[in-house]
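User: Please take a close look at one part of this model, a single central position and the elements around it. After that, describe what else can be said about the fold.

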Amino acid sequence: MPAVDKLLLEEALQDSPQTRSLLSVFEEDAGTLTEYTNQLLQAMQRVYGAQNEMCLATQQLSKQLLAYEKQNFALGKGDEEVISTLHYFSKVVDELNILHTELAKQLADTMVLPIIQFREKDLTEVSTLKDLFGLASNEHDFSMAKYSRLPKRRENEKLKTEVVKEVANARRKQHLSSLQYYCALNALQYRRRIAMMEPMLGYAQGQINFFKKGAEMFSKRTDSFLSSVSNMVQSIQRELDAEADAMRISQQDLLSVNESVYTPDSDVTSPTINRNLIQKAGYLNLRNKTGLVTTTWDRLYFFTQGGNLMCQPRGAVAGGLIQDLDNCSVMAVDCEDRRYCFQITTPTGKPGITLQAESKKEYEEWICAINNISRQIYLTDNPEAVAIKLNQTALQAVTPITSFGKKHESLCPSQKVKNAEMESDKVIPHESSKPDSTQLIAPGTPIQFDIVLPATEFLDQNRGGRRTNPFGESEDSKNDEEDSILQQMFVVRFLGSMAVKSDDTNEVIYEAMRQVLAARAIHNIFRTTESHLMVTSKSLRLIDPQTQVTRTTFELASVTQFAAHQDNKRLIGFVVRVTEPLGEESMSANIFESNTEGEKICYAISLGKEIIEAQKDPEALAQLMMSMPLTNDGKFKLLNDQSEEDGAIPEERGEESEA
């Protein structure tokens, strides 16, 4: 017998559109088979009815033949031969009636009954399992929608546990119903063949027995043929029994899997994430706008094909294009208090679609896969190797802490003298061994990748009762700038900040740089916020370049450590020590990327701290001012024209150029 098409039980849990599409073919076959079986049963019942009618007819015929003798024909002389002949025929008909009765009974048992049992048992079972599968699938979709609506910010552990348990039960129920449904459909492919041949085998055997007893009309060759058909039916039955046992064992193995298979987001703390994917497929929630302020989330099946993101609704034959991923960008977003949301942005910067994954593993793998595809890695000869190499390069691009420690050894003597002059007010303890990273920064310390306060919020919190002008500058801050004898502005981009445990050594800044850059590389965070860093003799101010509004201010006296990256000249960081309302002190490291060399910013900060110390002694201040070049308004001139081109913005022209 040729091979029989089967549904793979291993794909029942994934429930992909491809499996659903193949399932629809089996369901269509089952519907066609049901319709054909009903028509076939009607035809067989008609044959059985005709055979029963033949029995009644022959019985009636025999009675009528015997009744001829009782007819009182006026001209009935000479009918004795006719009557005896009719009596013989009546006996023949009675014998034939017995054969017809046996044939009718045999047709009922071997032809009509099997097809009725096939329709009532097998086809009805498939229909019932189909309904149960549909109910379980709908229940799973409802529980997944409920799980997807779990809040991210105000997370209720009890509610989350209940919803997760509900999802697991619904998924287990759907898995069980789908396995039973698939097994029934697979078995139906065998039972269909038996159901089609077995009734006709019974019909043929009944007719042959009828004719053998009547006239021995069939030859031995027909007997051997029917014997071979009977052997074939028995062989198919044996195959069905073996396949049923195998499916039963496979079903038990699939149902004995780990509970994590049914539980979404089962490993939140340390999921195994593949960051080298160039293809990805799975279910995601798609955000759709239904009005000005209303949205809906649809759970659809997404997959990548080349440089395209495709979407295939359940039941659809093929997927459709949703987004072209070439040269696009992807980033995590906060959307409607939902977890694991990310947004795809077009190459022109226009926001694209917003998607939600069901687990942290899926969330990060989707972001990595889309980022790899956006680089057009799939066009290379060996895209998997290219993806692995790029991701390894991204991690290796973050200089480890040991390289920072070699900074002072690699400096030339002139640079050492220069740094000694620039950081004369800083006391760096010399240690025989470098401190461990855990002594500098606590493991698992969160990293903030954006500026603490937007400009508008900062103004709202600090405005108070002071009058402000239309340009966002308060009079007090303006006076502070005018009173400061040091003003120097640099273009910087904020990379991140994190709490630290120590400010005794510059190593804490190097370790913070390493962790911030590593986190950005791992999580594919490429966007930064550009600001103007104003260094004065009193504070460090971050100014919005568009509105000239101060975003945040660091008192210069609270800056305890500052250093630039030796290898990457544009990286600069400093540690700020502040006193909390309860009297406790906290320290945080802030990391920036500058358009100019970081050493120049360090030099400006160092000079500002020298001015603070010199202001305590008028003679020392006068001597410091005599040793430094000044501008026309009596302020220190730190950078020449060449340095201004590198990214520093002179005070007199900064606002005008940005305006």
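Analyst:
**A strand with two partners**

Q343 stands opposite T354, a residue of β7. On its other flank, Q343 of β6 is the bridge partner of M331.

The model is predicted, so local features need pLDDT of at least 70 and side-chain atom pairs pLDDT 80 or more, while totals for chains, interfaces and linings use all residues. Residues are numbered from 1 along each chain as its sequence is written, and side-chain values use heavy atoms, without hydrogens and water.

Strand β6 covers residues 341–345 (strands are DSSP E runs of at least two residues, helices H or I runs of at least four, numbered from the N terminus). Five of the five residues of β6 are buried (under 20% relative accessible area with a 1.4 Å probe, protein chains only; exposed is over 50%, partly exposed in between). C341, Q343 and T345 point one way from β6, whereas F342 and I344 point the other way. In a regular strand the side chains alternate between the two faces of the sheet. Both sets in β6 are buried.

On one side, β6 is joined to β5 (residues 329–332) by four bridges, and the two strands run antiparallel. With β7 (residues 351–356), β6 also pairs in the antiparallel sense, again over four bridges. The hairpin of β6 and β7 has five residues between the strands, and in it G349 takes a positive phi near 90°.

These strands belong to an open sheet of seven, ordered β4-β3-β2-β1-β7-β6-β5, with antiparallel pairing (at least two DSSP bridges between two strands). Its edge strands are β4 (320–324) and β5, each of which pairs on one side only. Elsewhere in the sheet, β1 (residues 281–289) and β2 (residues 295–305) run antiparallel and are joined by nine bridges. Within that pair, L286 stands opposite D298 of β2.

Outside the sheet, helix α1 (residues 17–67) packs with helix α2 (residues 80–148), their axes 8 Å apart and at an angle of about 160° (lines fitted to C-alpha atoms over the stretch in contact, angles from 0 to 180 degrees between N-to-C directions). The two helices, α1 and α2, are therefore roughly antiparallel (over 145 degrees; under 35 is roughly parallel, 65 to 115 roughly perpendicular, the rest oblique). Helix α3 (residues 157–214) also meets α1: their axes come within 11 Å and cross at roughly 30°. That makes α1 and α3 roughly parallel to each other.

Further along the chain, helix α13 takes in residues 507–522. Because each residue should add 1.5 Å (counted for one less than the number of residues), the 16 residues of α13 should span 22 Å, and its end C-alpha atoms are indeed 22 Å apart. Of the 16 residues of α13, 13 are buried, so the helix is mostly covered. N524 follows α13 and has a positive phi, near 55°.

Helix α14 (residues 598–614) passes the length test too: its 17 residues should span 24 Å at 1.5 Å a residue, which agrees with the 24 Å between its end C-alpha atoms. Buried residues in α14 include G598, I601, C602, A604 and I605. Also buried there are S606, L607, G608, K609, I611 and A614.
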